[in-house]
Amino acid sequence: YEERARRLEIYKDIIKEKAHTDARSISLLTKSAQQMTLRCLKKNSDTRMKIALVLMPWYRRESPSPELAMTTSILKKKNREVQVWDISALMFRDTFMKRRYWKHFLLDADSETIENFQEQAKEFFEYYSNKILTHNPDIIIFKCIGNSYYNSERLARIIKESDKDKIVIFTGLLTSSAHDVETIAARQNEMPVDFIICGEDYFALDELLKAVETGEASKLESIFEKKGKIINCAKGPIIENLDDLPFFDFSGFDLNCYRFPDVFEIFISKGCPWRCAFCIDWQNEKFRSMSGKRILNEILNLSHSYKIKHIRFCDKTINGNIKALDEFCDLFLDALNKGLFKGSGEFGWSGDAMIRPEMTKGLLEKMFLARFYGIGYGLESGSEKVIREMGKLFSMPLAEEVIRNTHLAQIKTS
């Protein structure tokens, strides 16, 4: 359709130039071209939006990113075609001599280190730019988690140099203050992107894509705080009820790229209910939790969709909502007795938790029966004075009691 419409326009120009026909012929040909163009637009509107979802180095290589898996699911739920590009995992697999740089998932990298890596891996950046563009996505979304931001910007620049009209979105940038947003805003014009989402992006990304599809980006200003390319979600709106989120979708990942292909990470909550002085996580996201039933349904879905031996809850804390945790344990034990889990004989869970009085001996014993095999507590210090100054809401005697009971419940404790 597009080619025929283009040719009709060319033929019309030729007729005009040579004046080999009368006004009636030109009118008929123009009408035909317009009809063909309308048919072409209708065809495009019936086609699903194609999205490339990209994660750059440096990210953990143990398991697939749960943030990418959830974003994939949200996009697919809206009938969008998604191709996952975990370039961090792919590049680690294919660049043996450069693997030492992956320590910068945890360690801050200076500008010289970043430039050295990007120069040494130059051919890989260009290779993956061509690979992504070959699939001709309508929009390329970079999930900028931690230090992956620097390499996201590098690949986005290469993509824009090849196709300046390709729409590029940066998302996943967590900001804890207005100053953080202003810092990004100060250099937004230098960044090779069209839109930058700061803060929790599940709701904002869908609204942005709808605005791009309809050509009504200006409407975003009535929903979010918008500054140039930046959409600031720090003040919402967000998805308040996490039970409304779809199931995690790991189908687009090559699991052989990961160190533990049978270990998946998921989150069952967002944010943290505590306000520790040294931490900014509680400033980035409002605390919310899935219900026990929703957690069970997620686990059931994963057990039937993938070959999993272990699930790690990557939340800031798995016991921010004690009621949901207790409910999940009861529902899981009931489902286990009914044989609802595929491969349930190998299943186990682990995660980090807060020291709080509700972590009773009875609850911990139930958690072990429900296959909770490992808990890491945020103790931070053995000094009562330091704990108080940090803003921790427990005493050292309580910490000793909870840690001892966790160990006695046969849960690996750290």
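Here are three short exercises on the inside of this structure, each with a worked solution.

This is a predicted model, so local features need pLDDT of at least 70 and side-chain atom pairs count only at pLDDT 80 or more, while totals for chains, interfaces and linings use all residues. Residues are numbered from 1 along each chain as its sequence is written, and side-chain values use heavy atoms, with hydrogens and water left out.

**Exercise 1. Find which residues touch the most other members of the largest nonpolar core, then look around Phe 170.**

Step 1: get the term straight. A nonpolar core is a set of buried Ala, Val, Leu, Ile, Met, Phe, Trp, Tyr and Cys residues joined through side-chain atoms within 4.5 Å. Buried means under 20% relative accessible area, using a 1.4 Å probe and protein chains only.

Step 2: pick out the residues. The largest core has 123 residues, and Phe 142, Phe 170, Ile 299, Phe 313 and Met 367 touch the most other members.

Step 3: zoom in. Skipping neighbours within four places in sequence, Phe 170 has contacts (heavy atoms within 4.5 Å) that include Phe 142, Cys 144, Tyr 149, Met 191 and Phe 195.

**Exercise 2. Work out why Cys 144 has no disulfide partner.**

Step 1: set the rule. A disulfide is a pair of cysteine sulfur atoms within 2.5 Å.

Step 2: check the distance. The closest cysteine sulfur to that of Cys 144 belongs to Cys 198 and is 9.7 Å away, so it's too far for a bond.

Step 3: try Cys 198. Its nearest cysteine sulfur, in Cys 233, is 7.8 Å away, and Cys 198 is in no disulfide either. The total count is zero disulfides.

Step 4: look at burial. Cys 144 counts as buried at 3% relative accessibility, and Cys 198 does too, at 0%.

**Exercise 3. Describe the second largest cavity: its volume, and what lines it.**

Step 1: define it. On a 1 Å grid over the protein atoms alone, a cavity is a set of points where a 1.4 Å probe fits but cannot get out; lining residues have an atom within 4 Å of a point. Its volume is the space filled by probe spheres set on the points, which are joined across faces, edges and corners.

Step 2: give the volume. The second largest cavity has about 30 Å³.

Step 3: list the lining. Thr 71, Ile 74, Leu 75, Lys 143, Asp 201, Tyr 202 and Leu 205 do the job.

Terms used
Buried < 20%, exposed > 50% of the residue type's maximum accessible area, 1.4 Å probe, protein only. 1 Å grid on protein atoms, 1.4 Å probe; cavity = no way out; pocket = protein on both sides within 12 Å on 5 of 7 lines; lining within 4 Å.
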